[in-house]
Amino acid sequence: MQHPHEPPVQQPPGCGKHVPAGGHGGGSGGAIPKGPVVCSTVCGNPYAGLVSHLRAAWLSGKTRPLEYRLAQLEALGRFLEEKKQDILEATALDMGKPSFEAYFTEILLCKNELNNTLNNLSHWMKDEHVDKNLVTQLDSAFIRKDPYGVVLIIAPWNYPIHLFLVPLIGAIAAGNCVVVKPSEIAKNTERLVAEVLTCYLDSDCFAVVTAGVQETTRLLENKFDYIFFTGSPSVGRIVMTAAAKHLTPVTLELGGKNPCYVSDTCDVQNVARRVAWGRFFNAGQTCIAPDYILCSVEMQDKLMPALREAITEYFGPNPQESPDFARIVGDKQFRRVRALLCSGRVAIGGQTDEKERYIAPTVLADVQPCDPAMQEEIFGPILPIVVVADMDEAIDFINARPRPLAVYAFSCDSKVVNQVLEKTSSGCFCGNDTLMQVTLTSLPFGGIGNSGLGKYHGKFTFDTFSQHRGCLHRNMGLEAINSLRYPPYNQQKLGLMTATFEIKRRGMCTLL
């Protein structure tokens, strides 16, 4: 049941800077000359005025003070608290997301990121003083954390609040102006973000754009100072190509097929419970979910009844009736995932209902590497099991494929877990559990190769949206020291320059 909400206590002027698909973003703050807006019409890009408006706000220095950043971050906290029920209802309407899962991922984890940032921002913003050579001992050498400027965040539909809000927290903390583009596939959440978020943030510096594929393509034609994209590798390439035209740096949070190796020495019941939770959380629509299991044929036989027991424990004898199991987000996505059920043999589940976009928690046994389920990221509640002879074959199998976002390994022998960690490459790793690595703001999260580039979470998000600017502030006096580097050159000057600038290896001594 939806509860009425009072408007935010402190709304900045200009509440409601939301740019619909195809609409221009000139704004009415009065801080921007009309020229850029007119130019956007002449040039044919409907978003040029919006980007110009935000850039002028950023150039004014408005977003730089610590107090301003903290005020905007506190406003995000009010958004999460006051619109909590709206968020739960919107995600339930979009994909049947259970309120427990929605609260945990869309609200609690976002609050953790927010509070961690609020607790540490003043420290993160401080200049970082660095070591100096002999010549610069009386000078100041430091790293200044500058904002990039106007940044674009393009979010996906599977965690439609979390995956725009966590980057947004870091972008605001770093002092940027931001355009947020929520996913148009999660329609109810997109509407909520467009209508409500802008009432909490300063509309001179932050905007929400609702756009489909064609409009997003036009949006990407504009020059941004940083682009943060979460989505598929195929769309990530398009975003990176658009960014390259302006030499704009990017973070790409993509995906891939995350392997899960299960050794013969493990607690089968615990493995089944943890893997089933990670695979079927959000109906499998999680970029770091275990995508397939690698194990011996003997372990496959042991896992099957344990997985069936775990699924029944979690969702009952008929998961379609469970309030704790989500639905596929759309018809197109449903048909794509359903087509993967022809791989191997269905050992558990396999039932579907197109009207409800329901696919039962499913385990596929004896899946071959050439089967359809092994050719693409599943992104649904299907768990294939691929039989391998041993750990070495599992590692070879993983390394023969594009590097995934996550690698999982289960074993009671920590040496086995460490070998999988040491001999594979992935964006992140978790031993003896699934998904839990992303709950720590102290760990970076990001892909490698086909699964993405860049990282965020906690301070890593602040660093991602900050230009680490190397600075040296020298003394105006003591010119005699500088004369060593000026022409005319001679051997004596070179010797003195070497002595004052050279960095020696530790443990080395020089015989005079």
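## A first look at the structure

E376 and R336 join their side chains in a salt bridge, 2.7 Å from N to O. E376 lies in the loop between β14 and β15, and R336 in helix α12 (residues 331-338), so the pair ties together parts that are 40 residues apart in sequence. E376 counts as partly exposed, because its relative accessibility is 31%. R336 counts as partly exposed too, at 30% relative accessibility. The model behind these values is predicted.

### Charged pairs

How many salt bridges does a search of the whole structure find? The count is 22. Side chains of opposite charge can pair when their charged atoms come close. Three of the pairs are set out here.

| Pair | Closest N to O | Burial |
|---|---|---|
| K97 and E106 | 2.9 Å | K97 buried, E106 buried |
| E221 and R218 | 3.0 Å | E221 partly exposed, 42%; R218 partly exposed, 28% |
| E376 and R336 | 2.7 Å | E376 partly exposed, 31%; R336 partly exposed, 30% |

Some salt bridges share partners. K62, D202 and D204 are joined into one network in this way.

D202 deserves a further look. This residue is found in the loop between α7 and β6 (206-209). Is D202 buried or exposed? D202 counts as buried, because its relative accessibility is 6%, under the 20% cut-off. Its side chain makes a polar contact of 2.9 Å with the side chain of Y68. A polar atom of the D202 side chain also lies 2.9 Å from the backbone nitrogen of D204.

E190 tells another story. E190 lies in helix α7 (residues 187-196). This residue is buried, yet has no salt bridge. Which side chain of opposite charge is nearest to E190? That is K181, 5.5 Å away. A salt bridge needs the nitrogen and oxygen within 4 Å, so this distance does not qualify. Leaving out residues up to four places away in sequence, E190 touches P182, S183, E184, T210 and A211.

D390 is found in the loop between β15 and α13 (391-399). At 39% relative accessibility, D390 is partly exposed. Its side chain reaches the backbone nitrogen of E393 at 2.9 Å. D390 and G255 are 135 residues apart in sequence, and their C-alpha atoms are 26 Å apart in space.

### The nonpolar cores

The largest nonpolar core has 122 residues. L76, F164, L168, V262 and L303 have the most contacts inside it. Which helix gives the most to this core? Helix α6 (residues 162-173) does, with 9 residues. L168 touches L76, I153, V178, V180, L197 and L201, not counting residues up to four places away in sequence. Another core lies apart from the largest one. This other core has 26 residues, including L294, I359, A373 and V420.

### Helix α10 and what follows

Helix α10 (residues 268-280) has 13 residues. From its first C-alpha to its last, α10 reaches 18 Å, close to the 18 Å expected at 1.5 Å a residue. At the start of α10, a side-chain oxygen of D267 comes to within 3.3 Å of the backbone nitrogen of Q269.

Which residues of α10 are buried? They are V268, V271, A272, V275, A276, G278, R279 and F280. An α-helix has 3.6 residues a turn, so residues three or four places apart point the same way. The buried residues of α10 pack against two sorts of element. The strands are β9 (259-262), β10 (292-295), β14 (362-365), β15 (382-387) and β16 (406-410). The helix is α11 (297-315).

N282 follows α10 and has a positive phi, near 60°. A283 is found in the loop between α10 and β10. Its phi is also positive, near 55°. A283 is buried, with a relative accessible area of 1%.

### Backbone exceptions

Most residues other than glycine have a negative phi, and most peptide bonds are trans. R357 is not a glycine, yet has a positive phi of about 55°. This residue is found in the loop between β12 (352-353) and β13 (358-359). A cis peptide bond joins P487 and P488, with omega about 0°. P488 sits in the loop between α16 (479-482) and α17 (491-501).

Conventions:
Residues are numbered from 1 along each chain as its sequence is written. This is a predicted model: local features need pLDDT of at least 70, side-chain atom pairs count only at pLDDT 80 or more; totals for chains, interfaces and linings use all residues. Side-chain values use heavy atoms; hydrogens and water are left out. A nonpolar core is a set of buried Ala, Val, Leu, Ile, Met, Phe, Trp, Tyr and Cys residues joined through side-chain atoms within 4.5 Å. Buried means under 20% relative accessible area, exposed over 50%, partly exposed in between (1.4 Å probe, protein chains only). Helices (H or I, at least four residues) and strands (E, at least two) are DSSP runs, numbered from the N terminus. Contact means heavy atoms within 4.5 Å. The expected span of a helix is 1.5 Å times one less than its number of residues. A polar contact is a pair of N or O atoms within 3.5 Å; within protein, one must be able to donate a hydrogen and the other to accept it, and residues adjacent in sequence count only if both atoms are side-chain atoms. Lys and Arg count as positive and Asp and Glu as negative; His and the chain ends are not counted.
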